[in-house]
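Here's an informal look around one protein model. Have the sequence and the structure open side by side as you read.

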Amino acid sequence: MKNQTDYPIIANEEINPVKLARAKEIILALQQELPDYIARGSGPFLAAIYDENGHLVAKEANSVVNEVCSHNHAEMNTIKAAEKNLNTYDLSSHHLSLYVTAEPCIMCLGGIMWSGIKEVYYSVPSKDVEEITGFDEGFKPQWLDEFKKRGITVYGHIEVEAGQKVLKEYVKKGNVVYKPDRS
């Protein structure tokens, strides 16, 4: 497994040091909070949405197993909570940023794109999520470029080691990782 120095920050815009510093702070805090969510039955992913003034709009964990619903990923739950909190299905006018403890899967990418989120910041890359947990992240060719075409900024590989540690501990403890039977 690679360490953080093996994962240079990636982005679909020129890297803004202020945005990156804020993202590191938020994602590291999410990684540090995640074990408490896991202890209460949540899956190993956590997401938060902030407005352009730095106010928390919504924060939710993965609840696929404990709520028996395959689409209850952290990103989807957080978008749903933000829409409820802001009383709208179109978040675009609120200039929101999503921070998540791992790269969004194919389902969550669609939800993010259609929600109106303006910026996405993530930690653990999909390749590592798949290697550690066995979860199938889906086929996502050139998604950073596709988001850029749609005006969505993406930064990735932020605080990767902290995220890898949480995922490894989750698996080591024998927690359930949702994986549909493909046989």
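What follows covers helix α6 and one residue of helix α2.

This is a predicted model, so local features need pLDDT of at least 70 and side-chain atom pairs count only at pLDDT 80 or more, while totals for chains, interfaces and linings use all residues. Residues are numbered from 1 along each chain as its sequence is written, and side-chain values use heavy atoms, with hydrogens and water left out.

Start with α6, residues 160–172. Helices here are DSSP runs of H or I, at least four residues, and strands are E runs of at least two, numbered from the N terminus. Here's how its residues sort out, with buried meaning under 20% relative accessible area, exposed over 50%, and partly exposed in between (1.4 Å probe, protein chains only).

| α6 group | Residues |
|---|---|
| Buried (under 20%) | Val160, Gly163, Gln164, Val166, Leu167, Tyr170 |
| Exposed (over 50%), on the face turned away from the buried side | Lys165, Lys172 |

Looking down the axis of α6, the buried residues fall within an arc of 160 degrees (taken from the directions from the helix axis to the C-beta atoms), so they line one face of the helix. Those buried residues pack against α1 (17–39), β5 (119–124) and α4 (126–133), where contact means heavy atoms within 4.5 Å. Just past α6, Gly174 takes a positive phi of about 80 degrees.

Now over to Met76, which sits in helix α2. Met76 counts as partly exposed, at 23% relative accessibility. Leaving aside neighbours within four places in sequence, Met76 is in contact with His71, Met107, Cys108 and Gly111.

Key. Expected span 1.5 Å × (residues − 1).
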